[in-house]
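Student: Could you take me through one part of this model up close? I'd like to hear about the main nonpolar core and what sits around it.

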Amino acid sequence: MYIRFLFLGYRIFCFLFRPVRMGVRVMMIQDSKVTLVRQTYLPGWFMPGGGLKRGETLDQAARREAFEETGAELGKVWLMGAYTSFKDWKTDHNLVFVCEDFKITGKPDSEIAEIQSFPLDALPAGLWPGHVRRLEEYKMGQANPQFGEW
């Protein structure tokens with residue numbers, strides 16, 4: 001409940017100040033399955049990810065977010081693309097990384113309600129549209145650095 005209250009406060013902040021943010025998402029794929037998370041404060045399924053911290057590289061952010069949200073240690077990661085969203089009164093730039101070499105060694109933090117791996121041809125209901133588009137592009141072999149709308 002506490003995290004939901006903070007999230008509501010953040011949405012009010014976004015309405016008032018219209019921030020520009022940069023974040024990362026990690027498409028974690030092994031054995032033709034993608035690892036997704038369900039958060040405690042938003043409905044639906046997501047690729048692990050979040051915002052950059054001051055002084056953090058993109059690679060460090062992707063690895064930190066994957067570990068915090070899934071307990072995974074990532075091997076090689078590569079950039080799929082950079083995408084922009086103008087929803088909810090803010091400008092979000094998301095850099096999507098792909099990792100096909102990871103091992104889950106820990107546990108997720110308290111903002112994650114559930115972690116699950118889904119076959120790429122049977123994605124769950126409630127997967128957010130930007131995530132669906134990126135996974136479809138991956139399946140079609142369009143997973144080279146690109147940019148566009150989230």
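Tutor: Here is a walk through that core, then the strands and the helix that feed it. A quick word on ground rules: this is a predicted model, with local features needing pLDDT of at least 70 and side-chain atom pairs counting only at pLDDT 80 or more, while totals for chains, interfaces and linings use all residues. Residues are numbered from 1 along each chain as its sequence is written, and side-chain values use heavy atoms, with hydrogens and water left out.

By nonpolar core I mean a set of buried Ala, Val, Leu, Ile, Met, Phe, Trp, Tyr and Cys residues joined through side-chain atoms within 4.5 Å. Buried is under 20% relative accessible area, exposed is over 50%, and partly exposed is in between (1.4 Å probe, protein chains only). The largest such core here has 15 residues, and M27, I29, L36, M80, L135 and Y138 touch the most other members. Two or more residues come from each of β1 (20-30), β2 (33-39), β6 (77-85), β7 (91-99) and α3 (129-139). Those names are DSSP runs numbered from the N terminus: helices are H or I with at least four residues, strands are E with at least two. Apart from this core lies another, of 13 residues, including A62, A72, V77 and F102.

Now zoom in on L135. Skipping neighbours within four places in sequence, L135 is in contact (heavy atoms within 4.5 Å) with M27, I29, V34, L120, L123 and L127. Its helix, α3, has G130, H131, R134, L135, E137 and Y138 buried. Those six residues sit on the same side of α3 because they cover an arc of only 160 degrees around the axis, taken from the directions from the helix axis to the C-beta atoms. After α3 comes G141, with a positive phi near 80 degrees.

On the strand side, look at β1. Strands count as paired if DSSP finds at least two bridges between them. β1 runs parallel to β7 over nine bridges, with V20 partnered by T91. The pairing of β1 with β2 is antiparallel, over three bridges, and there I29 stands opposite V34. So L135's contacts I29 and V34 are also facing residues in that β1–β2 pairing. The hairpin of β1 and β2 has two residues between the strands, and D31 takes a positive phi near 55 degrees. β1 also joins β4 (residues 49-51) antiparallel through three bridges, where G23 stands opposite G51.
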